[in-house]
Amino acid sequence: MELTGAEILTRCLAEEGVEYVFGYPGGAVLEIYDAIFRQDKFRHVLVRHEQAAVHAADAYSRSSDKVGVALVTSGPGATNAVTGIATAYMDSIPMVVISGQVNRPAIGLDAFQEVDMVGITRPCVKHNFLVKDISQLAETIKKAFYIAASGRPGPVVVDIPKDVTQQKAKFSYPASIQMRAYTPAQKGHPGQIKKAAQLLLDAKRPLLYIGGGVVLGNAADEVREISRMLGLPVTNTLMGLGAHPGNDQQNIGMLGMHGTFEANMTMQNCDVLLAVGARFDDRVISVPQHFLSSPKKIIHIDIDPSSIAKRVKVDVPIVGHVKDVLADLIGAIQQSDHKQADITNWWKQIEAWRAPNSLHFDQGSDIIMPQFVVQKLYEVTGGNAFVTSDVGQHQMFAAQYYRFPEPKRWINSGGLGTMGFGLPAAMGVKLAHPDADVCCITGEASIQMNIQELSTCKQYHVPVKVINLNNRYLGMVRQWQEFFYGNRYSESYMDALPDFVKLAEAYGHVGMRIDKPADVEGALREAMALKDRLVFMDFLTDQQANVFPMVQNGKGLTQMDLPPHMRNLQIAPPTPVNERDYGNLC
Amino acid sequence: MRHILSILLENEAGALSRVAGLFSARNYNIESLTVAPTEDKTLSRMTIVTTGSDDIIEQITKQLNKLIDVVKVIDLNESDHIERELMLIKVRATGKDREEMKRMAEIFRGHIIDVTEKTYTIEMTGPGHKLDAFIKAIDPALILETVRTGASGIGRGERILKV
C-alpha cells in the first residue's frame, strides 16, 4: 500500500518511539498535521511560538534518554525555531526538528513563506537535510535520529517540501543505518587509558572536572565510582550539575566565572586534572594563559576529538564515550600495581579553602534574598525536583544553591544562554515526567520572553511551578554595569512590569506574590502541594543582590571578586602566566 | 604556515557550502579551494589551501572530520606531494611583443590555445609560484585577463586517499 509523504513521516516517528511532538501548524505542513490527526501513536503539543516548541523538545530530551522532536512550518515558523536549534546545538542535545518547505518547483523563487532552512541552520545543527525525493524520506528520518543521538549528540533538521508530503510511495523503514562518512568513536585508546591511570595514581593534587558530557553520556555512576576509589575532589561545570551529587562531601561545587572559591582554587592549583565531558569553556577557565600553572598535567576524555586541545593543550587525550572510557580507566587503576600517592594534605588545603563558605549570604528580615528562595526550594523539594532555568542572575543562584543530587534534573541553556528557555523547558520536562515536581526558576525579564506558553500549559494541563525572582532589573546586566560601567544602568531597568499574579490568573493558573522572607518557605510548600495546578510565584527580591564569587572577564580563576564576608581574606597571588606557549589557542 | 588539505566528501548538494561555512564561521582562512567529483561519482575530492599554526590546522582537520559529509581528510604537507594549478592568461600580442610572448610561453611550458590578430590566450599549469613567476616575467601592460584555479594536490608515490 502506498502512503503519502506525510503519512510516511508520522509512521517513521512512531517507529522511533516518539511520544510527543512539539509544534505549530502552517501552510507547508498542513498535510503532515492532517496525518497527525489521523494517527494515535504520538501526541502533538500545540505551543504558542515555535521557539518554545524547540525548547520544549530540547528539555524533554535533556531530562530523559529520548530524542526530542519539534515540527514547524516553512518561512517564519522555521526562523522562529532557529534560536531553539542553536540552543540545543551549543549544549549537544539530541533533537530532530522537522520543518516544512514550499513546493519543490517553487524553491528558490522567493515563494510565500519560503526561507532557505538548510542554509539558515547550517552553522547551528549537527547536520541537516532537504528531502528532495519521497523515496528518500524514510531513510532520511532514520538517519536524522541516528545522527542526533549518536556520537556527540546534537540537533538535526529535516526540511520537507509540501509536495513531497503529498506524493505517494511505498513505506519501508530501514532497521539500521550505515554511513561511511560517520562512524563515531566509542572505546578509548587502551594505551592512553593506562597512561591516565598512572598519572592519577601518582598525583599529589588531583582534581576531577566534569561537564555536560557526563550527563549526556549517562556516566554519573562511573564518575561516582572513580571519585570514591581515589578520593578525588570533584568540581562540575554548569552543564555538569548533578553528574556528581551536589551534596556529596567530595563535591566542591561548580567552578568558573561564578564557581565556588574552593573549586576555582583547586582547579588552579591541582597537579593532575581529569577532565571528563567538559570542554574548558571560557566561562569555566576564563583565558587559557591564566589557567595553566605548570606542572599541571591534563587528561581529557571526550567523545568529540575537536573538543580536545581546542582551548588548552592536553597531555593525555582520550577520545571515546565517557561511560566506556571511565569504566576502562577504573579497570586500569584496579589492575595497576602502583600505589596511590598520599593526598591528605591536598584535602586539608581544599577544606581550608572551603571553610569560609564563599556562598554565604545574609538573609535579613526585610527583603527576600534571591539565594534564600533557591535554598528554601531545595529544602522544600528535598532536592528531588527537576529545575529548569532561564538565563541571568537567577540561573546562577539556581546553579549555586540547588544542590542537585542526580543528573538530568538541571535543565538550562548553558552554551548559548537563551532567555525564554525556562518555561517551555519546564513544559517539556513535565510531559516527560508527569509525576515529578518541575520548577522553573526565572526572572521577570526572562519569563517575558516566552510567557505566552502559560497558555500552552493551561491547554495541556501542565502543572509546573514558576519561581519568578523578580528584582525589577535585568539582574546580570545590572551587575555587569555596576562592575564595568560605573553604575550606568543603561536600559537594564524593567519598568511597567505586568502584575504577574493577575497575569497568571488571566491564563487560568494560580498566582502568588511573596514579598517577605518569612513567607518564602510557606509559599513554596503551599505551591508544591498544589500538585495539579500551575502556580506562578512572584518573589519580590532584593534589587541589589549580586552573584558572588565572580571571576571577571580576562582574569585568572583565582582572581575572584568575593562576597563581603571574605573580602579581607588572604588569597594566593594570581598564578603567573604559564611558560607553555598558548599564544594561538585563545 | 601554509598547508594543503585534501578531503574526500560525499558528492551531495550542500556539501561544499558546509565546508566553506565551517571555515568562515570559525574564522579560518581559505587561500584556495578546488572541488570536483572523483572516478566514484558519489564522492568529491576537495583541495583546500589554508594557513595557520599547527594547532589551528589540527582544529581545522578535526572540525572537518566532524562534518557528516566528510569521509576523509589528510594534510598533504605531512609528506611529499605534488601541487598543480591551472592558469588561463590572455595577453596582448602585437608587433615585436608577438614573438616575445610566444617565446616566454614556451620557456614556461605554456600552450597558446587561442590566437587572434592582437591576442594570445595561454594555458599554463604548475605550482602557484611558477604561475606567479610567469606573470612577473611579462610586461604587466600586456596582460588583458587572468583566470586561475585553486591548487589541486596529490601525494607522491604509493600514498593515496581513498575510501
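How much area do chain B and chain A bury between them? The legends below begin with that interface.

**View 1. Overall contact between chain B and chain A in the predicted model.** About 1,700 Å² is buried between the two chains, 50% of it on carbon and sulfur atoms; buried area is the accessible area (1.4 Å probe) that two parts lose on being put together, summed over both. Chain B and chain A each bring 21 residues to the contact, where contact means heavy atoms within 4.5 Å. The model scores ipTM 0.92 and pTM 0.95. For chain B the mean pLDDT (the predictor's confidence in each residue, from 0 to 100) is 95, and 100% of its residues reach 70 or more.

**View 2. Polar and charged pairs across the interface of chain B and chain A.** Three salt bridges are counted between the chains, a salt bridge being a side-chain nitrogen of Lys or Arg within 4 Å of a carboxyl oxygen of Asp or Glu. One salt bridge joins the side chains of Arg180(A) and Glu10(B), at 2.9 Å from N to O. On the side of chain B that touches chain A, α1 (15-25), α2 (54-66) and β4 (70-75) each supply at least two residues. Of the elements of chain B, α2(B) gives the most to this side, with six residues. Helices (H or I, at least four residues) and strands (E, at least two) are DSSP runs, numbered from the N terminus.

**View 3. Surroundings of Leu43(B) in strand β3 of chain B.** Strand β3 spans residues 43-51. Leu43(B) is buried, as its relative accessible area is 5%; buried means under 20%, exposed over 50%, and partly exposed in between (1.4 Å probe, protein chains only). Beyond its neighbours within four places in sequence, the contacts of Leu43(B) include Arg180(A), Glu10(B), Val71(B) and Val163(B). Asp69(B) is 26 residues from Leu43(B) along the chain, with 9.7 Å between their C-alpha atoms.

**View 4. Surroundings of Gly422(A) in helix α18 of chain A.** The helix covers residues 422-432. Gly422(A) counts as buried because its relative accessibility is 0%. Leaving aside neighbours within four places in sequence, Gly422(A) is in contact with Thr388(A), Ser389(A), Asp390(A) and Cys440(A). Cys439(A) lies 17 residues away in sequence and 9.1 Å away in space, C-alpha to C-alpha.

**Conventions.** Residues are numbered from 1 along each chain as its sequence is written, and chains are lettered from A and ligands numbered from 1 in the order in which they are written. In this predicted model local features need pLDDT of at least 70, side-chain atom pairs count only at pLDDT 80 or more, and totals for chains, interfaces and linings use all residues, while side-chain values use heavy atoms, with hydrogens and water left out.

Methods. A polar contact is a pair of N or O atoms within 3.5 Å; within protein, one must be able to donate a hydrogen and the other to accept it, and residues adjacent in sequence count only if both atoms are side-chain atoms.
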